[in-house]
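Ready for a little practice with aromatic rings? Take a look at the structure below, then work through the exercises at your own pace.

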Amino acid sequence: MSCRDAMRKLQKIDFSIVETVLYLDAYPHCRQALNHYHALIEEQKRLKESMQKAGCAPVCATENMSQTEWQWTDGPWPWHPEAN
Amino acid sequence: MWIYEKKLQFPVKIKNPNPRLASAIISQLGGPDGEMGASMRYLHQRYSCPYDKVTGILTDVGTEELAHLEMVAAILYQLTRNLTPEEIENSPFAAYFVDHTTGVYPVAASGVPFDMKYVGVKGDILTDLNEDLAADAAIP
């Protein structure tokens with residue numbers, strides 16, 4: 001999977017997570033939603049690990065994996081067409 | 001506090017610049033019913049909220065609105081790249097251009113800059129939630 005494809009997949013998973021979080025905020029006792037939340041978090045974790053291993057650009061400032069280069073500020077930024 | 005993730009919540013890829021469209025869409029950024037208002041409304045109402053779960057919703061929705069703010073800004077950024085002087089002068093975007101060139105500035109289509117007057121924060125959760133219903137156009 002290319003970094004571009006992985007980023008697309010991450011956007012999809014993160015969107016699902018946001019929706020699940022909002023649902024749980026309103027229905028905190030819904031066990032089904034909580035299980036779904038954990039499944040999504042697990043999938044996100046695995047995807048982020050593979051993105052970091054593949055040398056894709058960091059998504060958070062705390063995920064700059066390189067010990068020799070500061071890549072966090074590298075372009076493109078999310079509003080630039082090349083990032084989409 | 002906030003962590004920033006370097007990705008849009010949903011991709012934005014505009015094929016053709018369009019300053020006329022930008023001069024209308026700008027209201028979704030800085031107008032009375034835009035994302036600046038939405039994010040500032042929810043994020044400020046949460047401080048006086050007496051119920052943890054409601055505070056959770058206000059926090060999480062407010063944060064998501066900031067992500068929407070970013071997407072609308074991305075749309076405006078892409079709509080206003082590589083414009084010729086004629087394209088600018090012959091569109092309603094000309095007025096905005098005078099003060100902001102092709103920067104992205106929260107303002108309404110009318111030219112009024114974003115104003116917290118669009119937002120109600122009254123310190124009473126029922127009042128504030130009613131403000132939210134009205135703002136979301138959930139009250140018919």
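The exercises below deal with ring pairs, burial and charges over rings in this predicted model.

**Exercise 1.** Classify the pair formed by A:Trp72 and A:Trp77.

*Solution.* Start with the total: over all chains, the structure holds 8 aromatic pairs. In the pair of A:Trp72 and A:Trp77, the centres are 6.0 Å apart and the planes make an angle of 70°. Planes over 60 degrees apart count as edge-to-face, so that is the label for this pair.

**Exercise 2.** Decide whether A:Trp72 and A:Trp77 are buried or partly exposed.

*Solution.* The cut-off for buried is under 20% relative accessible area. A:Trp72 has 12% relative accessibility, so A:Trp72 is buried. A:Trp77 has a relative accessible area of 21%, so A:Trp77 is partly exposed.

**Exercise 3.** Now do the same for B:Phe93 and B:Phe97, beginning with their ring geometry.

*Solution.* Their ring centres are 6.4 Å apart and the planes meet at 55°, so the pair is tilted. Next, place them in the chain: both belong to helix H6 (residues 93-100) of chain B, where they are 4 residues apart, about one turn of the helix. Finally, check burial: B:Phe93 is buried at 3% relative accessibility, whereas B:Phe97 is partly exposed at 28%.

**Exercise 4.** Find the aromatic cluster that contains A:Trp72, and the lysine over the face of A:Trp72.

*Solution.* The cluster consists of A:Trp72, A:Trp77, A:Trp79 and B:Tyr4. The lysine is B:Lys6, at 5.3 Å from the ring centre of A:Trp72. B:Lys6 also lies over the face of A:Trp77, at 4.3 Å from that ring centre.

Notes: Residues numbered from 1 in each chain as written. Chains lettered and ligands numbered in written order. Predicted model: local features only at pLDDT ≥ 70, side-chain atom pairs only at ≥ 80, totals over all residues. Heavy atoms only, no water. Phe/Tyr/Trp six-rings, centres within 6.5 Å; stacked < 30°, edge-to-face > 60°. Buried < 20%, exposed > 50% of the residue type's maximum accessible area, 1.4 Å probe, protein only. Helix = DSSP H or I, 4+ residues; strand = E, 2+ residues; numbered from the N terminus. Lys NZ or Arg CZ within 6 Å of the ring centre and 35° of its normal.
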